[in-house]
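Student: I would like a close look at one part of this model, with its setting in the rest of the chain explained as you go.

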Amino acid sequence: MPALVLLGAQWGDEGKGKATDLLGGSVDYVVRYQGGNNAGHTVVVGDQKYALHLLPSGILSPGCTPVIGNGVVVDPAVLLSELSGLNERGVDTSKLLLSGNAHLITPYNITVDKVTERFLGKRKIGTTGRGIGPTYADKINRVGIRVQDLYDESILTQKVEAALDVKNQLLTKLYNRRAIEAGQVVEELLGYAEQIKGYVADTTLVLNKALDDDKVVLFEGGQGTLLDIDHGTYPFVTSSNPTAGGACTGAGVGPTKINRVIGILKAYTTRVGAGPFPTELFDEDGEALRRIGGERGVTTGRDRRCGWFDAVIARYATRVNGLTDFFLTKLDVLTGWEQIPVCVAYEIDGKRVEELPYSQTDFHHAKPVYETLPGWSEDITKAKSFSDLPKNAQAYVKALEEMSGAPISAIGVGPGRDETIEINSFLS
Ligand code: GDP
Ligand code: IMO
Ligand code: MG
């Protein structure tokens with residue numbers, strides 16, 4: 001039975017939550033493997049809308065076990081409030097498993113995220129301010145606090161003191177802020193320990209056993225390929241690996257276990273925060289995409305920057321993730337345009353370039369080379385099969401597939417679970 005990775009092929013917000021939820025009913029485990037509550041995944045079930053940040057989208061499917069893997073950074077206050085919010089709405093969250101090796105986002109990590117951004121001024125990244133980067137930095141610097149540390153007060157105290165020794169110097173001497181008291185942080189963290197304890201597990205062991213027993217496991221990425229710390233538009237990225245390899249390190253599962261890697265791809269492009277974006281629109285088309293597509297951040301409420309589809313990026317996502325399939329989302333948003341431009345290559349310093357340039361300078365100078373495809377005006381939200389789509393919508397999908405380097409196996413025509421055209425099953 002398959003192990004699938006489902007990840008963002010662009011700059012996030014491609015519709016991963018909806019795609020994961022759609023498959024949730026047919027899989028045994030859904031695993032978040034990186035990121036934290038910087039993610040905002042919207043899932044629409046019937047007339048109910050859920051915004052998930054830290055919890056895997058599989059939590060809404062009763063038969064599915066949701067798992068937060070070791071590669072995720074966990075804000076315990078957010079975890080508990082998200083769980084209680086779902087419980088109040090009648091969602092059973094008791095099956096959740098949380099890796100004891102996952103790192104905790106502490107209050108001082110959140111402070112450092114915010115003051116660093118302020119200090120950067122106009123060079124800021126536009127982070128979500130959730131403490132993501134500083135928590136991963138502590139992990140790599142080996143001064144991080146892990147979920148398991150909540151259950152040894154002496155170790156927890158030593159680690160918090162060690163982490164704050166340096167941070168308080170920075171906060172007071174460089175950033176002009178008050179020092180943070182280690183004792184207060186330890187007390188706050190210990191306050192979460194008992195409430196979280198029932199979820200803590202050796203998730204690597206559980207997942208590998210599940211795969212040995214032929215269970216279906218879905219790894220759900222946060223963010224997207226172009227926000228990857230190694231493969232994204234550095235430094236305008238997040239601090240983890242949303243790309244496919246991140247599923248292995250972030251869940252403790254070997255690459256030989258993964259059968260399918262599905263890239264979620266919006267039929268146009270959006271981005272939140274700072275950084276280069278070659279097909280970004282500053283005219284009424286960009287405004288219309290934002291309005292019709294409801295392109296406003298689920299986590300920070302910021303307007304998303306909008307632009308036309310970029311096939312160079314899609315091809316790059318196929319390459320760095322080894323994509324086997326695409327799930328094309330939000331095709332319905334493009335209904336009504338007479339002509340739809342698609343970026344097929346870049347022009348950089350007068351030369352046509354077909355592949356994403358590795359150089360940041362070149363990417364900043366990349367100008368989109370557009371081909372224009374004919375649009376359609378018919379409502380497509382009720383389409384159930386590919387042949388239900390108007391001819392021009394079919395041609396748009398086929399053109400994108402040809403340019404992007406992997407088959408488009410599903411198409412989203414609306415936010416709801418059932419507003420999806422399935423072309424090839426992901427689970428065969
Ligand atoms: P994620 O972060 O990748 O899970 O994506 P977000 O939830 O942040 O943003 C995607 C938005 O598009 C959400 O509001 C979804 O409900 C919505 N959505 C997902 N797929 C479709 C689709 O095919 N059509 C339309 N119109 N909306 C969709
Ligand atoms: P989902 O999972 C879109 C962006 C931020 C910022 C950069 C770094 O909903 O697709 P961070 O707080 O991670 O250090 O911010 O990454 N970013 C996202 N953009 N969707 C997301 O998640 C994002 N998570 C982080 O806007 O530019
Ligand atoms: Mg999102």
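How many residues surround ligand 2, and which are the closest?

Tutor: This is a predicted model, and the account that follows should be read with that in mind. Ligand 2 is surrounded by 20 residues, of which D13, K16, H41, T128 and T238 are the closest. Three polar approaches to oxygen atoms of this ligand can be described. A polar side-chain atom of H41 lies 2.8 Å from an oxygen atom of ligand 2, and a polar side-chain atom of R302 lies 3.0 Å from an oxygen atom of ligand 2. V272 takes part through its backbone instead, with an N or O atom 3.1 Å from an oxygen atom of ligand 2.

Two of the residues closest to ligand 2, D13 and K16, lead on to ligand 1. Around ligand 1 there are 19 residues, and those that come nearest are K16, G17, G40, T42 and D332. K16 is therefore named in both lists of closest residues, for ligand 1 and for ligand 2. A polar backbone atom of K16 is 2.7 Å from an oxygen atom of ligand 1, and a polar backbone atom of T42 is likewise 2.7 Å from an oxygen atom of ligand 1. D13 uses its side chain, a polar atom of which lies 3.0 Å from an oxygen atom of ligand 1.

The side chain of D13 also forms a salt bridge with that of R304, at 3.1 Å from N to O. D13 belongs to the loop between β1 (3-8) and α1 (16-24), whereas R304 belongs to the loop between α9 (284-293) and β13 (305-307), so this pair ties together parts that are 291 residues apart in sequence. In the structure as a whole there are 16 salt bridges.

For the wider setting, the protein chain is divided into domain 1 (3-87 + 203-422) and domain 2 (103-198). The contact draws 26 residues from domain 1 and 19 residues from domain 2, while the C-alpha centres of the two domains lie 30 Å apart. Between them the domains bury about 1,800 Å², with 63% of this on carbon and sulfur atoms. V73, P76 and L80 supply 29% of the area that domain 1 buries against domain 2, more than any other three residues. The rule finds zero salt bridges across this interface, but seven residue pairs are in polar contact between the two domains. On the side of domain 1 that touches domain 2, β6 (73-74) and α2 (76-88) each supply at least two residues, and the largest share, four residues, comes from α2. By residue type, that side of domain 1 divides into 11 nonpolar, 13 polar and two charged.

Finally, the loop between β10 (217-220) and α8 (244-251) deserves a careful look at its backbone. Most residues other than glycine have a negative phi, and most peptide bonds are trans. Q223, which is found in this loop, has a positive phi of about 55° although it is not a glycine. P235 lies in the loop between β10 and α8 as well, and the peptide bond from Y234 to P235 is cis, with omega near 5°.

Conventions: Residues are numbered from 1 along each chain as its sequence is written. Chains are lettered from A and ligands numbered from 1 in the order in which they are written. This is a predicted model: local features need pLDDT of at least 70, side-chain atom pairs count only at pLDDT 80 or more; totals for chains, interfaces and linings use all residues. Side-chain values use heavy atoms; hydrogens and water are left out. Domain bounds come from an automatic or database domain assignment. Contact means heavy atoms within 4.5 Å. Buried area is the accessible area (1.4 Å probe) that two parts lose on being put together, summed over both. A salt bridge is a side-chain nitrogen of Lys or Arg within 4 Å of a carboxyl oxygen of Asp or Glu. A polar contact is a pair of N or O atoms within 3.5 Å; within protein, one must be able to donate a hydrogen and the other to accept it, and residues adjacent in sequence count only if both atoms are side-chain atoms. Ala, Val, Leu, Ile, Met, Phe, Trp, Tyr, Cys and Pro count as nonpolar, Asp, Glu, Lys and Arg as charged, and the others, Gly among them, as polar. A residue is near a molecule or strand if one of its heavy atoms lies within 4 Å of it.
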